[in-house]
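Q: Hi! I'm new to this one and would love a quick tour. Can you pull it up for me?

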Amino acid sequence: MFSSFGHIAGRQQLFVLSLMIFAQGSAFGATIPYLSVTAIGTLGMSDGAYSLLVIGSSISAVVISVSLGILSDILGDRRHMLIAMSALGFLGYGAIYLFPSVPVFLVATSLVIPFFYATSSLLFASARLQTTDLEPADAASVNATLRAIVSAAWVITPAGLGLALAGSGTMLAAWGLASLFCLFILLSSPLLLKTPPRPPQRDKSAPGFFAALRELAAADMLLRIVSIAAITSTLRLSGTIWPLILTLQLGGGTSDVGLIASMTALVEIPFMLIWAHLLKRYSIVGIIVVAAIGYGAYMSALSLASAPWHIYLLALPGAAFAAALLALPLNYFQDLFPGRPGLGTAFLPINSFLGNALNAAAFAAGSHILGYSGAAWIGVALALSGVGGLLLSKARAAKARN
C-alpha cells in the first residue's frame with residue numbers, strides 16, 4: 001500500500017511536486033472555507049453579489065484551467081506556466097490581505113486567483129510525466145497518493161487557521177497565508193524543478209488547441225464527463241444536506257458538524273491510499289462503480305437517520321467510499337489521454353463545475369419538494385445514473401475496439 005510513498009520519496013522531482021501540491025491545497029484550504037464569511041461578514045458584500053462572484057469565478061477557473069492544460073501539452077515546459085500562475089496567485093491573495101475592500105475582492109477572486117487554480121492541473125500533469133516509466137497501476141497509485149496529500153492539506157490548514165484566528169474576529173489573515181503558499185510554489189518552480197535539457201519544442205504530435213477542444217466535445221467523452229460529474233455531485237449534495245439534517249431535524253449542534261467534518265476528512269486520507277493500492281488488482285472503472293454504489297447506499301441510509309449518532313456512525317462508511325470518488329477521477333481522465341497529461345488533468349475543473357451545478361439543481365428541487373432527508377434520494381439517483389453512464393461508455397469503447 002505504501003509503495004507509492006516510496007516512489008514519491010525516491011524521485012526528487014516527484015517529492016518537490018508533492019510539496020508544491022500540498023502548498024497549493026493549503027492555499028485553497030486557507031481561503032475557500034472562509035470565502036463567504038469574509039466576503040459577506042467582513043467586507044459587507046451582498047448575498048446577490050456573492051452568488052454572482054461564485055458563478056463568475058467558477059466559469060473563469062474552468063476556461064483558464066482547460067485552456068492552459070491543452071496549451072501545456074502543446075508547449076511542453078510547464079515550469080514557466082507554474083511561475084506565471086503562482087505569481088498571479090501571490091498578487092491576488094496578497095491584494096485581498098493588504099487592501100481589503102469589495103472591489104479588490106471581486107477583481108482578485110473572479111479574474112486573478114482563477115489563474116492560480118490552474119496550477120492544480122499543471123502540477124498533477126507534471127507529476128504524471130514523472131511516472132511514465134512505472135507500470136500503469138503504480139502510476140495511478142502515485143496519483144491517488146498525491147490527491148491524498150491535497151486532502152491532508154485541507155485537514156491541517158483550515159483547522160490550524162481556525163484555532164490561530166479564533167479570537168481575531170476576521171479571517172483576512174488567511175489570504176495573507178495563502179499568498180505565502182503561492183510564493184513557495186513561485187520560488188520552487190525555477191529553483192527546485194529541473195530545467196529541461198534543451199529549450200522545449202512544440203509537440204507536433206499533439207493536436208492543436210481547437211482539435212483538442214473538439215475531442216472534449218465528442219459524444220463518448222461528454223458521456224464520461226457527465227457520468228463522473230453526476231457521481232461527484234452526489235458527494236457535494238451529501239455535504240450540503242447532512243449538516244442541515246443533523247442541526248435542523250435531529251437537534252445536533254454546530255460542534256457536531258465540525259467534529260463529523262474533521263472525522264470524515266481524516267478517514268478519507270487512509271482510504272485514498274487503500275483504493276490506490278487496489279488499482280493494482282482491479283480496473284479503475286470497476287472501483288469507481290463499486291464506490292459510487294456504496295455511496296448511494298450511504299445516501300439512502302442518511303435519509304433514514306433519526307438521531308445525531310446515526311450521522312456519526314454513517315460518516316465512517318461514507319468517508320470510505322467518498323475517498324475513491326475524490327481520488328480516482330483524475331486517474332480515470334488521465335488514462336483516456338496517456339500521452340497528454342495536461343488535457344487529461346483539465347477534465348477536473350470541468351467535472352467540479354458540472355458537479356456543483358448538478359448539486360445546486362438537486363438541492364433546490366429536492367429540498368423544496370422532498371425536504372432535506374428526501375433530497376438524499378436524489379443523490380442516490382445521481383450516483384446510479386453516473387454508474388450507468390460509465391458502464392455504457394465502457395461497453396461502447398469495448399465494442400469500438402472489436
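Q: What volume does the largest cavity have?
A: The largest cavity has a volume of about 50 Å³. A cavity here is a set of points on a 1 Å grid over the protein atoms alone where a 1.4 Å probe fits but cannot get out. Grid points are joined across faces, edges and corners, and the volume is the space filled by probe spheres set on the points. Keep in mind that this is a predicted model: local features need pLDDT of at least 70, side-chain atom pairs count only at pLDDT 80 or more, and totals for chains, interfaces and linings use all residues. Residues are numbered from 1 along each chain as its sequence is written, and side-chain values use heavy atoms, with hydrogens and water left out.

Q: How many cavities of 30 Å³ or more turn up in the whole structure?
A: The search finds two.

Q: Which residues line the largest one?
A: Its lining is made of T31, I32, L35, Y93, T109, I113, Y117 and W175, where a lining residue has an atom within 4 Å of a point. By class, six are nonpolar, two are polar and none is charged. Nonpolar covers Ala, Val, Leu, Ile, Met, Phe, Trp, Tyr, Cys and Pro, charged covers Asp, Glu, Lys and Arg, and the others, Gly among them, are polar.

Q: Which helix gives the largest share of that lining?
A: Helix 6 (residues 102-117), with three residues. Helices are DSSP runs (H or I, at least four residues), numbered from the N terminus.

Q: Y93 caught my eye. Which residues of helix 5 are buried?
A: Y93 is among them, along with R79, M81, L82, M85, S86, G89, G92, G94 and I96. Buried means under 20% relative accessible area and exposed over 50%, with partly exposed in between (1.4 Å probe, protein chains only).

Q: What do those buried residues pack against?
A: They pack against helix 2 (12-31), helix 4 (47-75), helix 6, helix 7 (119-129) and helix 9. Contact means heavy atoms within 4.5 Å.

Q: Let's pick one from helix 7. Is A125 buried or exposed?
A: A125 is buried, with a relative accessible area of 0%. Leaving aside neighbours within four places in sequence, A125 is in contact with R78, Q334, P341, G342 and T345.

Q: And P136, buried or exposed?
A: P136 counts as exposed because its relative accessible area is 62%. P136 sits in helix 8 (residues 136-164). P136 and P338 are 202 residues apart in sequence, while their C-alpha atoms are 9.7 Å apart in space.

Q: Switching topic: how many residues does the largest nonpolar core have?
A: It has 64, and those with the most contacts inside it are I288, M299, L302, I311, L325, L328 and Y332. A nonpolar core is a set of buried Ala, Val, Leu, Ile, Met, Phe, Trp, Tyr and Cys residues joined through side-chain atoms within 4.5 Å.

Q: What is I288 in contact with?
A: Beyond its neighbours within four places in sequence, I288 meets I228, I231, L325, L328, Y332 and L390. Another core, of 50 residues, lies apart from the largest one and includes Y34, Y93, I149 and C182.

Q: Last one: what follows helix 16?
A: G371 does, and its phi is positive, near 85°. In helix 16 (residues 347-369), the buried residues include F347, P349 and I350.

Notes
On a 1 Å grid over the protein atoms alone, a cavity is a set of points where a 1.4 Å probe fits but cannot get out, and a pocket is an open set with protein on both sides within 12 Å along at least five of seven lines; lining residues have an atom within 4 Å of a point. Helices (H or I, at least four residues) and strands (E, at least two) are DSSP runs, numbered from the N terminus. The expected span of a helix is 1.5 Å times one less than its number of residues.
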